[in-house]
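Please open the model in your viewer and keep the selection tool at hand. The tour below goes from stop to stop, saying what to select and what can be found there.

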Amino acid sequence: MAASQTLQLSSLNNVEILPIQAIDIEENKIQEPAVEEFDYSQRGQWLRAAVLGANDGLVSVASLMMGVASVKNDIKAVMVAGFAGLVAGACSMAIGEFVSVCTQRDVEISQMKREKRERSLESDENDEKLPNPGQAAVASALAFAVGAVLPLLAAAFIKQPKVRMAVVFVVASVALVAFGVVGALLGGTPVVKSSARVLVGGWMAMGTTFGLTKLIGIDHGMQI
């Protein structure tokens, strides 16, 4: 009898231990730290300024050069037009970004003043989190210049007009794909979709500028 009671008690103890072990395993699974995913939205402001600035510089200057080349074979006219587009575009991007970020900063400051009138001591910490208009303006201007200088370098050493336009088109297309890939990788978006969108948009801009400029130049006898 004593042996049978001992066996029953041991079996009961085993039955009670199993749920406890299962609970411990489940708790360990719950307590395991989850892998934190990177928040790509934190890169939004500087990524937008850099990618859009470089893309705008490339498309604007390449389209401008191809438009001028459609009515003039003179390389000097093409290069001067491209350089003017670089300077004007970089200044425009810097001023536009500065005004935009200043407006955003003013809105955020007004919101913080409304929400934290009684906690004025925290204003210094909040100021550090506000966007910097100067940095945004410089980043946009530099990004535009980087994109705009590519077609200028591509056309600088080619004398034949048709070959020059072809090289500008090819270099611009490759750079557009590269910008699309970089933007997709940094932003965590689909690479193919982003690159195709940037490339097709650039082609449309260059084709439209080339076609309309050539049409107007022929109608007014400007072609040389």
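Begin with the aromatic side chains, bearing in mind that this is a predicted model: the structure holds one aromatic pair. Select Phe-169 and Trp-203, whose ring centres are 6.1 Å apart and whose planes meet at 20°, so the pair counts as stacked, since planes under 30 degrees apart are given that name. Because Phe-169 belongs to helix H6 and Trp-203 to helix H7, the pair ties together parts that are 34 residues apart in sequence. If you switch on a surface, Phe-169 is partly exposed, with a relative accessible area of 33%, and Trp-203 is also partly exposed, with a value of 38%.

Next, turn to the interior and select Leu-58, Val-61, Met-65, Val-168, Leu-176 and Met-206, which touch the most other members of the largest nonpolar core, a set of 29 residues. At least two residues of this core come from each of helix H2 (44-69), helix H3 (75-115), helix H5 (133-156), helix H6 (161-187) and helix H7 (191-219). Colouring H2 separately is a useful step here, as nine residues, the largest share of this core, come from that helix.

Stay with Val-61 and show its surroundings: leaving aside residues up to four places away in sequence, Val-61 touches Gly-82, Gly-85, Leu-86, Ala-148, Pro-151 and Leu-152.

From that list, select Ala-148, which lies in helix H5. Is Ala-148 buried or exposed? Ala-148 has a relative accessible area of 0% and is therefore buried, the limit for that word being under 20%. With residues up to four places away in sequence again set aside, Ala-148 touches Gly-57, Leu-58, Val-61 and Leu-86. To see how the fold brings separate stretches of chain together, draw a distance between the C-alpha atoms of Ala-148 and Ser-60, which are 88 residues apart along the chain and separated by 7.4 Å.

The last stop is an enclosed space, for the structure holds one cavity of 30 Å³ or more, and the largest cavity contains about 40 Å³ of space. Select Met-65, Met-66, Ala-69, Val-78, Ala-155, Arg-164, Met-165 and Val-168 together to display its lining. The elements that give two or more residues to this lining are H2 and H6. By character, the lining residues divide into seven nonpolar, no polar and one charged.

Technical notes. Residues are numbered from 1 along each chain as its sequence is written. This is a predicted model: local features need pLDDT of at least 70, side-chain atom pairs count only at pLDDT 80 or more; totals for chains, interfaces and linings use all residues. Side-chain values use heavy atoms; hydrogens and water are left out. A nonpolar core is a set of buried Ala, Val, Leu, Ile, Met, Phe, Trp, Tyr and Cys residues joined through side-chain atoms within 4.5 Å. Buried means under 20% relative accessible area, exposed over 50%, partly exposed in between (1.4 Å probe, protein chains only). Helices (H or I, at least four residues) and strands (E, at least two) are DSSP runs, numbered from the N terminus. Contact means heavy atoms within 4.5 Å. Rings of Phe, Tyr and Trp (its six-membered ring) pair if their centres lie within 6.5 Å; planes under 30 degrees apart count as stacked, over 60 as edge-to-face and the rest as tilted. On a 1 Å grid over the protein atoms alone, a cavity is a set of points where a 1.4 Å probe fits but cannot get out, and a pocket is an open set with protein on both sides within 12 Å along at least five of seven lines; lining residues have an atom within 4 Å of a point. Grid points are joined across faces, edges and corners, and a volume is the space filled by probe spheres set on the points. Ala, Val, Leu, Ile, Met, Phe, Trp, Tyr, Cys and Pro count as nonpolar, Asp, Glu, Lys and Arg as charged, and the others, Gly among them, as polar.
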